[in-house]
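Let's take a walk through this structure together, one chain at a time. Have the sequence and the 3D view at hand.

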Amino acid sequence: MSKRYAFLVDMDRCIGCRGCAMACKNFNQLAPDMVWRQVYPLDEAIYPHRERAFLSLACNHCDRPACLEACPTASYEKREDGIVVHHQETCIGCTNCIRSCPYGAPRFNSQEKHAEKCSMCYERIDAGLLPACVQACPTQALTLVDLNEIDESKYEQYPAGYPAMKRLNPSTRFILPKKPRIVRG
Amino acid sequence: MNYEFPLVFFTALTQAAVGISLVAAWRETRTECIGLFSFRREWLTVFVLASLGLLASLFHLGDPKRAMTALVNLSNSWLSREGLVFGIFAFFALINIFRRSKLFVFAAAVFGIAGIVIQGLTYAPVSMPVISNAVPMCIFALSALCLGTSLTQMAEENGVSKMRTFLLVILVILLAALPFVWKGGDVLSQETAALWLSSVPFWGGIACLVLALVMSLIGRRCIVMGLLVLAGVILCRMTFFADTLHTATRIGMPY
């Protein structure tokens, strides 16, 4: 069976250091105002505790990607292993993918005048390495998994604060943050 | 505020062109109207509006020089299909300027209708839940018909003025009711409703459409009415593109 690579975000381990976002920016040599991975703090209405919890999100490499369906120049490609790759060289900057992706994964590069997004560092994966963000995570909150090999019932696909787009079937999986332990002296 | 002016003018102008072509096609079926109109001028208007619309859409692109490559993904992308269909529509409008025939008039009308349907699907992305439905298609179809019946040299006795009045009433009610319907929805819908209700272009557009409606009701048929409808459609379209919230704006917050 072919692989279906996905990011697994352990929200209980994530400390919101943004090391993943910086490693992504560094490895992919992104423009100063560009990010492919972003760390979103959970709103207090969702996680009402003094401790914070975070959603570290990049492209979700959906099973049925909205960007791929929306792109008029066929600049998106879905690989056998589930990774959705954007070919910047054929992009004409129509921003239709940006309008269409519910997760805000494709971003507009205002200098180069084209869209761009996370490629799950497929060149690194092909070379047997981990994506830059996964490798950089100091708490191992971000890992790379194969959805065809893990027991999906253990993980959350649509946590609160994350758009539930069942038709697209995003590949990212989450481990929810636990309630903070109160230690009384 | 990003009003997406290229998209505003692209959609409004192509819809005006389609509306006029639909009125022209309808007139072809009524022999008593033949001879009363300057067909050449009318189809020239359709062609110029459609061409200006397509030209405006180029300003939306990061690299307009490669605009033709937007036709590559016809099997998946509604945007590719939209470009192709409006291109064919403009081609038939051009033919009708020089060699008008029933076949070409109806061909233009059919491609015009297809263009509106495809436009309704292109601008109903899954990422904008409040308009990821039939709403854009209804707004675009009503806009096309209101513009078509307001901008052509229609004879008032053809019953078109009553139709125009009716269509304007429906368009105004639909546009004005949408934010109030959204107010009863989830957080994203409520926030979109608040943005639309506080939008100056939105209320300006509604005011233009209401003024045009009053002129239509009292039987004042003049170019000002057509321009008021066009201004109303453009102003409301600015709100449509700028103030409709994307799901990504609330990541990490409750939906």
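What share of the contacts in chain B with a separation of 6 or more comes from residues 24 or more positions apart? The figure is 74%. Keep in mind that this is a predicted model, so everything here is computed from predicted coordinates.

Start with the make-up of chain B. There are nine helices here and zero strands, so the pattern along the sequence simply reads α-α-α-α-α-α-α-α-α. The radius of gyration comes out at 18 Å, close to the 18 Å that the globule rule gives for 255 residues, so chain B is as compact as a globular protein of that length. Its C-alpha trace spans about 65 × 45 × 25 Å along the principal axes, and 49% of the 255 residues are buried.

Now zoom in at the N-terminal end of chain B. In the segment before H1 sits B:Glu4, a residue other than glycine whose phi is nonetheless positive, near 50°. B:Glu4 has 18 C-beta neighbours inside 10 Å; fewer than 12 or exactly 12 would make a residue exposed and 20 or more would make it buried, so B:Glu4 counts as partly exposed.

Move on to helix H1 (residues 5-28) of chain B and you'll find it packed on helix H2 (residues 39-58) of chain B, at an angle of about 160° and with the axes 7 Å apart. Angles over 145 degrees count as roughly antiparallel, and H1(B) and H2(B) therefore fall in that class. The crossing of the two is left-handed. On the H1(B) side the contact is made by B:Pro6, B:Phe9, B:Phe10, B:Leu13, B:Thr14, B:Ala16, B:Ala17, B:Ile20, B:Ser21 and B:Ala24. H2(B) answers with B:Glu42, B:Thr45, B:Val46, B:Leu49, B:Ala50, B:Leu52, B:Gly53, B:Ala56 and B:Ser57. Sorted by class, the residues of this contact are 13 nonpolar, five polar and one charged.

Further along the chain there's another helix pair to look at. Helix H6 (residues 160-182) of chain B and helix H8 (residues 200-217) of chain B pack at about 155°, with 9 Å between their axes. That angle makes H6(B) roughly antiparallel to H8(B), and here too the crossing is left-handed. From H6(B), the residues involved are B:Ser161, B:Arg164, B:Thr165, B:Leu168, B:Val169, B:Leu171, B:Val172, B:Leu175 and B:Ala176. They meet B:Ile206, B:Leu209, B:Val210, B:Ala212, B:Leu213, B:Ser216 and B:Leu217 of H8(B). The tally for this contact is twelve nonpolar, three polar and one charged.

For a single-residue view, pick B:Leu147 in helix H5 (residues 135-151) of chain B. Is B:Leu147 buried or exposed? It has 29 other C-beta atoms within 10 Å, and 20 or more is what burial takes, so B:Leu147 is buried. Leaving aside residues up to four places away in sequence, B:Leu147 touches B:Gln15, B:Ala16, B:Gly19, B:Val229, B:Leu230 and B:Val233. One of these, B:Ala16, also appeared in the contact of H1(B) with H2(B). As for B:Ser57, 90 residues from B:Leu147 along the chain, the C-alpha atoms of the two are separated by 19 Å.

Over to chain A, which brings in strands: it has five helices and nine strands. From the N terminus on, the order is β-α-β-β-α-β-β-α-β-β-α-α-β-β. With a radius of gyration of 17 Å, close to the 16 Å that the globule rule gives for 185 residues, chain A is as compact as a globular protein of that length. The C-alpha trace of chain A covers about 60 × 40 × 30 Å along its principal axes, and buried residues make up 44% of the 185. Among its contacts between residues at least 6 apart in sequence, 62% join residues at least 24 apart.

One spot in chain A deserves a stop. In the loop between strand E6 (107-109) and strand E7 (114-116) you'll see A:Lys113, with a positive phi near 60° although it isn't a glycine. A:Lys113 has 14 C-beta neighbours inside 10 Å and so counts as partly exposed.

Finally, put the two chains together. How many residues of chain B are in contact with chain A? There are 26 of them, touching 36 residues of chain A. By class, chain B's side has twelve nonpolar, twelve polar and two charged residues.

Conventions:
Residues numbered from 1 in each chain as written. Chains lettered and ligands numbered in written order. Predicted model: local features only at pLDDT ≥ 70, side-chain atom pairs only at ≥ 80, totals over all residues. Contact = placed C-beta atoms within 7 Å. Nonpolar A, V, L, I, M, F, W, Y, C, P; charged D, E, K, R; others polar. Axes fitted to C-alpha atoms, helices over the stretch in contact; angles between N-to-C directions. Helix = DSSP H or I, 4+ residues; strand = E, 2+ residues; numbered from the N terminus. Parallel < 35°, antiparallel > 145°, perpendicular 65-115°, else oblique. Left-handed = near helix turned anticlockwise from the far one by under 90°. Rg over C-alpha atoms; globule rule 2.2 N^0.38 Å.
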